[in-house]
Amino acid sequence: MKIHRINPCKRWSDVTVFNGIATFTEVADTDTSADIKGQVEQIFEQAQASLASVDSDKSRILAVTIYVTDFANMNVLNDVWDSWFPQDCAPSRACIKAELIDPDLLVEMTFTAAAGEKYQL
C-alpha cells in the first residue's frame, strides 16, 4: 500500500497517511506568547487545515495525544477541547506532562484521523 506524505521535508511531513489513517502533530506556531487557550485554539485551527489536506475533518479524528507542560492548564484546555469537537465525536485521547523543546510552547498534540477516500489505497 502507498504511503502518502503531505509537504515532506528532511525532518518531517506535515501529514503522513497509510491505509486511510492520517497522523500529524501540531504546535502553536503563529503566536507562541499566547496563553494555553490561545495555543490550543491555534493548534485546532492548524489541525483543521491538516485534516482538509487529506479530505477529512474534526469529526473523523480517531485519537489525540496531548503533551502539556503544566497540568494546571488542563481545565482551560478541556474547555477549548469540549467546545471544538462536534457532539458525540470526541476521540480517544491521552494527556502527558512533558517538557517541550521550545520553552514558550505550553502544549503539543499528535492527531490520528481517518483520511478521505483517495487516501484509502
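**Exercise 1. The nonpolar core**

Determine which residues have the most contacts inside the largest nonpolar core, and which elements give two or more residues to this core.

*Solution.* Step 1. A nonpolar core is a set of buried Ala, Val, Leu, Ile, Met, Phe, Trp, Tyr and Cys residues joined through side-chain atoms within 4.5 Å. Buried means under 20% relative accessible area, exposed over 50%, and partly exposed in between, with a 1.4 Å probe and protein chains only. The structure is a predicted model, in which local features need pLDDT of at least 70 and side-chain atom pairs count only at pLDDT 80 or more, while totals for chains, interfaces and linings use all residues. Residues are numbered from 1 along each chain as its sequence is written, and side-chain values use heavy atoms, with hydrogens and water left out.

Step 2. The largest nonpolar core has 28 residues, and those with the most contacts inside it are V40, F44, V54, I61, V107, M109 and F111.

Step 3. Helices (H or I, at least four residues) and strands (E, at least two) are DSSP runs, numbered from the N terminus. Two or more core residues come from each of β2 (15-18), β3 (21-27), α1 (36-52), β4 (61-68), α2 (74-84) and β6 (107-114). Helix α1 gives the largest share, 6 residues.

**Exercise 2. Two core residues**

Describe the surroundings of F111 and V54.

*Solution.* Step 1. F111 belongs to strand β6 and counts as buried because its relative accessibility is 0%.

Step 2. Contact means heavy atoms within 4.5 Å. Not counting residues up to four places away in sequence, F111 touches A22, T23, F24 and E26, together with I43, F44, A47, I61, A63 and V64.

Step 3. With neighbours within four places in sequence left aside, V54 is in contact with I6, V15, V17, A22, A115, G116 and Y119.

**Exercise 3. The sheet**

Establish the strand order of the open sheet, and explain why one side of each edge strand is left without a neighbour.

*Solution.* Step 1. Two strands pair if DSSP finds at least two bridges between them. The open sheet has 6 strands in the order β1-β2-β3-β6-β4-β5, with mixed pairing.

Step 2. β1 (3-6) and β5 (92-97) stand at the edges; each has a single partner strand, so one side of each lacks a neighbour in the sheet. Neighbouring strands of this sheet are turned by 15° against each other on average, direction ignored. Axes are lines fitted to C-alpha atoms, for helices over the stretch in contact, and angles run from 0 to 180 degrees between N-to-C directions.

Step 3. β2 and β3 are antiparallel and share 3 bridges; T16 has T23 as its bridge partner, and V17 stands opposite A22.

Step 4. β3 and β6 pair in the antiparallel sense over 7 bridges, with V27 opposite E108 and T23 partnered by T112. β4 and β6 also run antiparallel, joined by 7 bridges, and T112 is the bridge partner of A63.

Step 5. Side chains alternate along β3: A22, F24 and E26 point to one face and are buried, whereas I21, T23, T25 and V27 point to the other and are not.

**Exercise 4. Helix packing**

Characterise the packing of α1 against α2.

*Solution.* Step 1. The two helices pack at an angle of about 35°, with their axes 9 Å apart. The crossing is right-handed, a term used if the near helix is turned clockwise from the far one by less than a right angle, left-handed applying if anticlockwise.

Step 2. From α1, I36, K37, V40, E41, F44, A47 and Q48 meet V76, L77, V80, W81 and W84 of α2. By class, this contact has 9 nonpolar, 1 polar and 2 charged residues. Here Ala, Val, Leu, Ile, Met, Phe, Trp, Tyr, Cys and Pro count as nonpolar, Asp, Glu, Lys and Arg as charged, and the others, Gly among them, as polar.

**Exercise 5. Loop residues**

Compare the settings of N19, D55 and S56.

*Solution.* Step 1. N19 is found in the loop between β2 and β3, a hairpin with 2 residues between the strands. Although not a glycine, N19 has a positive phi of about 55°; at 38% relative accessibility N19 counts as partly exposed.

Step 2. D55 lies in the loop between α1 and β4, with a positive phi near 55° in a residue other than glycine. D55 counts as partly exposed at 42% relative accessibility.

Step 3. S56 is found in the loop between α1 and β4 and is buried, with a relative accessible area of 11%. Neighbours within four places in sequence aside, S56 contacts L51, A113, A114 and A115.
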